[in-house]
Structures are given as structure tokens and as C-alpha cells.
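Visitor: Could you walk me through this structure? I would like short questions and short answers.

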Amino acid sequence: LPLLLEATLLRLASGSHHPFYNGFYYNHVMNDKGKGQEKVVYFNGAKLVVETSKDPIYSSSGANVTLPCHYHYEPNLEAKRKIRIKWSKLRDDYTKEQDVLVAIGKTYMAFGDFQGRTHLRQAGQREASLVISDVRLQDDGKYRCEVIDGLEDESDVVDLRLQGIVFPYQPPHGQYRLNFHEAERVCQEQGAVLATFNQLFQAWSEGLDWCNAGWLADGTVQYPIRLPRKPCGGLHLAPGIRSYGPRHRHLHRFDAFCFSSALRGEVFYLDHPAGMTLEEAKQSCQDAGAEIAQVGQLYSAWKFLGLDRCDAGWLADGSVRYPITKPRVHCGPAEPGVRSFGFPSKGRFGVFCYKER
């Protein structure tokens with residue numbers, strides 16, 4: 001135990017009575033026979049209980065969201081308590097990824113990307129809910145609400161899930177050209193982030209079938225298969241997520257699975273009778289008070305806004321694509337989806353633009 005904590009406990013144990021400042025009572029049991037056994041602190045008193053939502057909390061990019069957290073004592077303690085509240089963001093294996101916010105009373109400090117976007121909602125008695133403003137794609141994940149009262153420390157976990165879409169991405173120079181860090185960058189350039197396993201699994205359950213392996217946010221390489229076939233793991237394997245496991249983040253190269261959420265703006269199509277080059281397309285969007293759309297924005301508009309356009313258009317990465325929600329003759333396959341013409345070095349097309357609301 002830290003020296004300060006040991007000294008405090010020894011002082012409490014040696015006094016004629018043992019009230020600790022937070023109202024709890026501790027018995028300090030120590031072995032005096034020099035046998036090297038550890039000292040043990042037993043807690044006797046009220047039990048601190050922390051509770052969050054058992055169901056995931058859903059939100060979308062740009063929105064505000066509250067992650068609920070409340071605490072109480074068993075048996076109930078009426079007196080006011082000077083407690084500390086700490087929120088952390090966790091990895092999928094529940095180990096800590098980053099500090100989010102620490103608060104004592106009305107004084108708090110936020111950390112990293114959460115600075116200026118987070119505060120506590122303490123509207124009710126013994127509430128420690130976290131408010132996140134302007135939700136970002138990377139905010140998706142698990143959060144631990146931790147309440148500390150003296151030597152008592154209890155916590156619970158709540159899951160924040162962004163409503164979004166996973167899409168596979170290959171760069172202009174071809175298949176399996178991205179190491180992990182390059183995959184992170186190309187997703188960000190497309191208005192997205194690398195997808196998590198949970199996001200890929202959700203996309204698979206909604207119908208995503210893709211035979212090329214791609215990076216995920218945890219450094220693993222996986223791909224979703226709905227229809228088993230020989231080039232995609234074999235005919236006799238069940239449908240599911242095929243995994244290569246963790247790969248070397250610098251040396252190994254694959255595609256990427258990116259995740260984009262709902263939009264705060266709109267995607268619209270511009271055309272010209274003679275079509276446009278990529279540079280002309282970018283200028284046309286600027287003239288309309290917008291910017292050329294990213295791939296993630298087109299996918300989000302297709303999924304969340306029902307964008308349906310059977311005309312190919314330029315996107316910011318130099319690819320040419322078009323979104324179809326109602327399949328029909330001359331508009332590609334019989335399933336809805338975002339069709340791709342790849343990265344043509346020549347040709348004149350329309351353009352998809354994006355404008356913030």
C-alpha cells in the first residue's frame with residue numbers, strides 16, 4: 001500500500017475510535033510475525049453502488065448525447081458526500097484507452113479530444129451522467145463511470161454506439177496496398193474512421209459481403225462473408241467474419257474497412273451537358289457554395305437520406321461512383337448499393353457535392 005494510505009490506516013486502527021472522514025469504517029489487520037504475508041484492509045460499512053444503462057446508447061456524428069450514470073449507498077446515507085467522479089473510454093477488452101473527464105463537486109477537467117465537449121449532468125441527486133457535445137466518429141465505444149468515495153471505488157460501463165455505415169475502401173493504386181497507419185489516414189480523408197469489429201459485425205448482419213481483407217481499428221485484419229465461396233475462405237465454411245488476426249501495423253498491407261455516420265449536411269448532384277473533369281467538378285461544387293463529397297459522405301447519404309442517382313459522379317478521392325436505393329434496369333446489379341467506376345484517369349462525369357446545413 002502507498003505509505004500515506006498505510007499511515008492513515010494505522011492511525012485509525014490505534015485510536016480509541018475509528019471514524020474515517022467519509023463515514024465508512026475500516027479494520028486494519030496485519031501480520032506481526034514477520035512471515036512476509038501481505039497486510040489486508042477489510043471494509044465494514046455502507047456499500048457504494050454505481051449503475052449505468054444496460055442497453056447501448058445510440059447517437060450520430062455531430063449530435064449531443066448523455067451517457068447515464070447514477071450511484072447510491074446500501075444502506076442509504078443521507079449526509080452529503082465529497083466524492084470524485086471519473087469517466088474513461090475503454091478498448092473492446094475493457095482496458096483503459098483514454099481519460100475523458102475527472103470531477104470533484106462542480107470542478108472538473110476534461111482530457112484530449114474531449115476538452116470543450118464534455119461535462120457532467122448532475123441534475124438529480126447522486127447523478128454522474130456524462131454529456132458529450134458534437135459527437136465524433138471516434139467517440140463510438142465503451143465508457144466507464146467510476147465513483148470514488150474515500151477508499152471506496154466502484155464503477156460500471158455504458159456502451160455508446162454511433163448509427164453509421166461500414167464500407168470497404170481501396171486506394172487508387174490498387175488492392176492490398178495499405179499498412180495500418182495508411183488505412184487510418186485514408187478513412188479519415190473520406191470523412192470516416194477505421195471500423196471496429198462490432199461495427200463490421202453489425203454491417204455483416206445487415207448484409208455486407210466482401211471478399212477482400214481489410215484493417216479494423218484494433219489492428220486486426222478481417223472480412224465479412226454472407227455467401228461462402230471458394231476464393232473467400234472455402235465453400236464449406238459457414239457465413240461469418242473471416243479473421244487473419246492481428247497483423248504487423250507497418251509491414252503488412254491490406255485494404256480498409258471504414259465507418260461513417262449520419263450527416264449534418266446534404267449530398268447533391270451537379271451535371272454539365274459535356275461532363276466535367278475532376279478539377280472542373282471541384283470548382284463546380286465550390287461555385288455552388290459546397291465542396292466535392294467524400295466517399296464516406298456519399299455512403300451516409302445513400303443509407304440515411306435515401307440518395308438515389310443513376311448518374312456517375314466524381315468524388316474527392318478521384319473515384320467515380322453513384323448511389324442506388326431502388327435497383328432498376330441500366331443502373332447496375334439487382335441489389336441496392338453504391339456502384340463504383342474505380343479511379344478513371346480520363347473521362348468527363350457529373351459530381352457529387354456536400355454542403356453543411
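**A tour by question and answer**

Guide: Let us begin just after α5, where G306 takes a positive phi of about 70°. Keep in mind that this is a predicted model.

Visitor: How many of the 10 residues of helix α5 are buried?

Guide: Helix α5 spans residues 295-304 and is mostly covered. Among its buried residues are V295, L298, Y299 and W302. The buried count for α5 is eight.

Visitor: Is K303 buried or exposed, or does K303 count as partly exposed?

Guide: Buried would need a relative accessible area under 20%, and exposed one over 50%. K303 has 34% relative accessibility, so K303 counts as partly exposed.

Visitor: Which residue forms a salt bridge with K303?

Guide: In this salt bridge, the closest N and O atoms are 3.2 Å apart. K303 lies in helix α5, and its partner lies in the loop between α3 (197-205) and β16 (214-215), so the pair ties together parts that are 97 residues apart in sequence. The partner is E206.

Visitor: How many salt bridges does a search of the whole structure find?

Guide: The bridge between E206 and K303 is one example. Elsewhere, K86, K96 and D99 are linked in a network of salt bridges. The search of the whole structure finds 18.

Visitor: Which residue forms a salt bridge with E189?

Guide: E189 lies in helix α2 (residues 180-189), and so does its partner, four residues apart. That is about one turn of the helix. An α-helix has 3.6 residues a turn, so residues three or four places apart point the same way. With closest N and O atoms 3.7 Å apart, the partner of E189 is R185.

Visitor: Do E189 and R185 count as buried, exposed or partly exposed, and what is the relative accessibility of each?

Guide: Partly exposed is the range between the buried and exposed cut-offs, 20% and 50%. E189 counts as partly exposed because its relative accessibility is 43%. R185 also counts as partly exposed, at 43%.

Visitor: In helix α4, what separates K282 and E279?

Guide: K282 forms a salt bridge with E279, with closest N and O atoms 3.7 Å apart. K282 is partly exposed at 27% relative accessibility, whereas E279 is exposed at 54%. Being three residues apart in α4 (residues 278-287), they are separated by about one helical turn.

Visitor: Which residue makes a polar contact with the side chain of S319?

Guide: S319 lies in the loop between β22 (313-314) and β23 (320-324). At 0% relative accessibility, S319 counts as buried. Leaving aside neighbours within four places in sequence, S319 is in contact with V295, G313, W314, G342 and F343. The polar contact, at 2.6 Å, is with the side chain of D317.

Visitor: What is the order of the open sheet of three strands?

Guide: The pairing in this sheet is antiparallel. Its edge strands are β5 (65-67) and β10 (118-121), and each pairs on one side only. Neighbouring strands are turned by 30° against each other on average, direction ignored. The order is β5-β11-β10.

Visitor: Which residue in β11 does T66 stand opposite?

Guide: β5 pairs with β11 (residues 129-132) in the antiparallel sense, over three bridges. Opposite T66 stands V131.

Definitions and conventions
Residues are numbered from 1 along each chain as its sequence is written. This is a predicted model: local features need pLDDT of at least 70, side-chain atom pairs count only at pLDDT 80 or more; totals for chains, interfaces and linings use all residues. Side-chain values use heavy atoms; hydrogens and water are left out. Helices (H or I, at least four residues) and strands (E, at least two) are DSSP runs, numbered from the N terminus. Buried means under 20% relative accessible area, exposed over 50%, partly exposed in between (1.4 Å probe, protein chains only). A polar contact is a pair of N or O atoms within 3.5 Å; within protein, one must be able to donate a hydrogen and the other to accept it, and residues adjacent in sequence count only if both atoms are side-chain atoms. Contact means heavy atoms within 4.5 Å. A salt bridge is a side-chain nitrogen of Lys or Arg within 4 Å of a carboxyl oxygen of Asp or Glu. Two strands pair if DSSP finds at least two bridges between them. Axes are lines fitted to C-alpha atoms, for helices over the stretch in contact, and angles run from 0 to 180 degrees between N-to-C directions.
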